[in-house]
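Trainee: I have a model open and would like to learn how its strands get their labels. Could you walk me through the reasoning?

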Amino acid sequence: MSENKTAIVTGANKGLGFAIVKGLCQNFKGLVYLTSRNEDRGKTACQELQKLGYTPQYYKLDVTDEKSVLNLCSFLKSRKIDLLINNAGVLFLKDSKESKITQAEQTLLINFFALVNFTEAILPFMNDNGTILNISSSSGHLSRIPSEKLRKEISNPNLSLIDLKSLMKKYIDSVKFNREISDGWGDSPYVVSKVGLNAYTFILNRRLKERGILVNCVHPGYVMSDMTRGAGTVSPEQAAEVVVKLALTPETGGLYVWHNGVTVPWDGPDPRGYIDGKPL
């Protein structure tokens, strides 16, 4: 890779995002931008990496804020991006005090709608033959949606982004009227947001094929983080290894990769059973 390449990682001031930036600083031949919503924490994270001899750059970015996204786009006018890793996300734990509709709206906003809007805004600044990697979850597997009808709609290869956004809005409406279970969505906003993210990954990969841009998604494992209050089975550093490898050496696009590096069929059996050995 040439030294003038550029990588951007969102939500990177701590946890997995921070570990991904560190891994890229070690393996990516070019500029690595660590971005975060909180400027102080982001700059402190950069300083920590600089003390280790790395040279990440910092840029303040809130993917939910249109002005913040436009500021980054203005900044990028003089350069092009070769690698984008969408890591920013949110998870409400089961004991969260927020109302069900608040959890649904915020989770879908950050994990799906804001990510989609940010990525679409960034696309003109992506180099042809670049890579986009979306940090997903085991929750993003299509089997996690109970309704067969919804699964077929979401996985339809002719599904447009407009259609996908409409489905995600229908889910929020279902929650508003206490119908999410009877409508077949299940009880987890996080699952719906990550299934939506994966669907967007595959839609975008098809759209960008002519430009040679590969778009993939990855389940990095149950990562110990502030978001999980320290619960988890893998450290951010361990999880970042498969993420960085997939980001730098993707075999192709349209992949959903499990935490062990194996590509899994999105619409097949739940890999938590046959890979992780979890009773389902």
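Trainee: Which residue of strand 5 stands opposite Leu83?

Mentor: Thr131 in strand 5 is the residue opposite Leu83. Do keep in mind that this is a predicted model.

Trainee: What makes strand 4 and strand 5 a pair?

Mentor: Two strands count as paired if DSSP finds at least two bridges between them. Strand 4 (residues 81-86) and strand 5 have five bridges, in the parallel sense, so they meet that cut-off. The chain gets from strand 4 to strand 5 through helix 4 (residues 100-122), and this β-α-β crossover is right-handed.

Trainee: How do you know that strand 5 also pairs with strand 6?

Mentor: Happily, the argument is the same cut-off of at least two bridges. Five bridges join strand 5 (residues 126-135) to strand 6 (residues 214-218), and the two run parallel, so they pair as well. Within strand 6, Val215 is the bridge partner of Ile132, and Asn216 stands opposite Leu133.

Trainee: Why is strand 5 called mostly covered?

Mentor: A residue is buried when its relative accessible area is under 20%. Seven of the 10 residues in strand 5 are buried, so "mostly covered" follows from that cut-off.

Trainee: And what makes strand 3 and strand 7 the edge strands?

Mentor: The open sheet has seven strands in the order 3-2-1-4-5-6-7, with parallel pairing. Strand 3 (57-60) and strand 7 (256-257) each pair on one side only. Helix 3 (residues 66-75) packs on the sheet, touching strand 1 (5-9), strand 2 (30-36) and strand 3. The direction of helix 3 makes about 140° with that of strand 3.

How values were computed:
Residues are numbered from 1 along each chain as its sequence is written. This is a predicted model: local features need pLDDT of at least 70, side-chain atom pairs count only at pLDDT 80 or more; totals for chains, interfaces and linings use all residues. Side-chain values use heavy atoms; hydrogens and water are left out. Helices (H or I, at least four residues) and strands (E, at least two) are DSSP runs, numbered from the N terminus. Contact means heavy atoms within 4.5 Å. Axes are lines fitted to C-alpha atoms, for helices over the stretch in contact, and angles run from 0 to 180 degrees between N-to-C directions. Buried means under 20% relative accessible area, exposed over 50%, partly exposed in between (1.4 Å probe, protein chains only). A crossover is right-handed if, with the strands pointing away from the viewer, the path from the first strand over the helix to the second runs clockwise.
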